[in-house]
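Please look over the sequence and the 3D structure shown here before reading on. The briefing is written for a reader who is new to this structure.

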Amino acid sequence: MKALALVIGLTGGIATGKSTVSEMFKEMDIPVVDADVISREVVEPGELAYEKIVDTFGEEVLHLDGTLNRKKLGSIVFGDEQKRKQLNEIVHPEVRKKMISERDRYVQEGHPIVVLDIPLLFESKLTHFVDKTLLIYVDEDIQLKRLMNRDQSTKEEALQRINAQYPISKKLELADAVIYNNGTIEETKEQLLEQLKTWNRE
């Protein structure tokens with residue numbers, strides 16, 4: 001009998017290396033459903049969320065070619081709790097719908113593992129979408145250094161961005177499994193393979 005698919009919820013914090021692990025899954029031919037990619041797709045012209053955004057915020061949030069001007073929309077909802085809530089209520093259900101339909105398609109195609117890459121997996125309470133949660137963790141001092149290097153930002157700017165997120169230490173308590181990404185890429189991959197073995201998915 002064919003084993004049922006294992007759906008893994010992959011998450012992390014800013015500059016913890018979640019994208020690196022996501023790439024490792026792809027290299028192993030394991031399908032990855034990426035929440036960030038989908039949240040861009042659902043606001044493309046012709047999509048339901050796109051239509052609702054234009055109805056709600058007006059055509060001034062569009063570029064001349066009709067595509068969504070994210071910067072403009074961002075400046076409208078930034079600092080306005082009510083408008084941000086409106087936007088989230090339009091976009092989030094569409095993202096979830098599309099993630100579930102992609103997840104189910106891969107499961108039906110017979111993939112033994114399907115990964116949902118969801119940055120806000122715990123914050124958005126989406127753990128019921130997956131069977132197991134996998135957190136990519138780094139120590140806070142390393143996270144800070146990596147973020148400063150990656151974005152060429154000052155310590156203050158980087159700290160501000162880290163502190164705006166749900167603390168990675170809290171996610172540590174919630175995850176089914178953790179990959180410690182403080183070392184080399186090889187060490188991270190080794191932990192990933194070890195974890196898949198633990199879950200009987202070699």
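What follows is a description of a predicted model, with two helices, the nonpolar cores, the pockets and one residue taken in turn.

**Helix α1**

- Helix α1 spans residues 18-27, and its buried residues are K18, V21, S22, M24 and F25.
- These buried residues lie on the same side of α1, because they cover an arc of only 155° around the axis, whereas S19 and E27, on the other side of α1, are exposed.
- The partners against which the buried residues of α1 pack are the strands β1 (6-11), β2 (32-34), β3 and β4 (132-137), together with the helix α9 (185-198).
- After α1 comes D29, which has a positive phi near 60°.

**Helix α3**

- Helix α3 takes in residues 48-57, and A49, Y50, I53, V54 and F57 are its buried residues.
- The buried residues of α3 cover an arc of only 135° around the axis, and therefore they sit on the same side of α3.
- In general, an α-helix has 3.6 residues a turn, so residues three or four places apart point the same way.
- Packing of the buried residues of α3 is against two other helices, α4 (70-77) and α5 (81-108).
- Just after α3, G58 has a positive phi, with a value of about 85°.

**Nonpolar cores**

- The largest nonpolar core holds 29 residues, and the members that touch the most other members are I53, F57, L73, V91, M99 and L116.
- At least two residues of this core come from each of α2 (35-41), α3, α4, α5 and β3 (113-117), and α5 supplies the largest share, which is six residues.
- Leaving aside residues up to four places away in sequence, V91 touches V42, V43 and I53.
- A second core, separate from the largest one, has 17 residues, among them M24, I30, L192 and W199.
- M24 thus appears both in this second core and among the buried residues of α1.

**The largest pocket**

- The volume of the largest pocket is about 1,500 Å³, and 42 residues line this pocket, with D36, S39, H92, P119 and L120 lying nearest its centre.
- Two or more lining residues are given by each of α1, α2, α4, α5 and α6 (140-151), and α5 gives the most, with eight residues.
- Sorted by class, the lining of the largest pocket consists of 19 nonpolar, 12 polar and 11 charged residues.

**The second largest pocket**

- The second largest pocket has a volume of about 160 Å³, and the residues that line this pocket include G13, E140, D141, L159 and Y166.
- Helices α6 and α7 (155-163) are the elements that give two or more residues to the lining of the second largest pocket, and α6 gives the most, with four residues.
- By class, the lining of the second largest pocket is made up of six nonpolar, four polar and two charged residues.

**Residue R105**

- Is R105, a residue found in helix α5, buried, exposed or partly exposed?
- R105 counts as partly exposed, because its relative accessible area is 38%, and that value falls between the cut-offs of under 20% for buried and over 50% for exposed.
- R105 and L174 are 69 residues apart along the chain, and a distance of 28 Å separates their C-alpha atoms.

Definitions and conventions:
Residues are numbered from 1 along each chain as its sequence is written. This is a predicted model: local features need pLDDT of at least 70, side-chain atom pairs count only at pLDDT 80 or more; totals for chains, interfaces and linings use all residues. Side-chain values use heavy atoms; hydrogens and water are left out. Buried means under 20% relative accessible area, exposed over 50%, partly exposed in between (1.4 Å probe, protein chains only). The arc is that of the directions from the helix axis to the C-beta atoms. Contact means heavy atoms within 4.5 Å. A nonpolar core is a set of buried Ala, Val, Leu, Ile, Met, Phe, Trp, Tyr and Cys residues joined through side-chain atoms within 4.5 Å. On a 1 Å grid over the protein atoms alone, a cavity is a set of points where a 1.4 Å probe fits but cannot get out, and a pocket is an open set with protein on both sides within 12 Å along at least five of seven lines; lining residues have an atom within 4 Å of a point. Grid points are joined across faces, edges and corners, and a volume is the space filled by probe spheres set on the points. Ala, Val, Leu, Ile, Met, Phe, Trp, Tyr, Cys and Pro count as nonpolar, Asp, Glu, Lys and Arg as charged, and the others, Gly among them, as polar.
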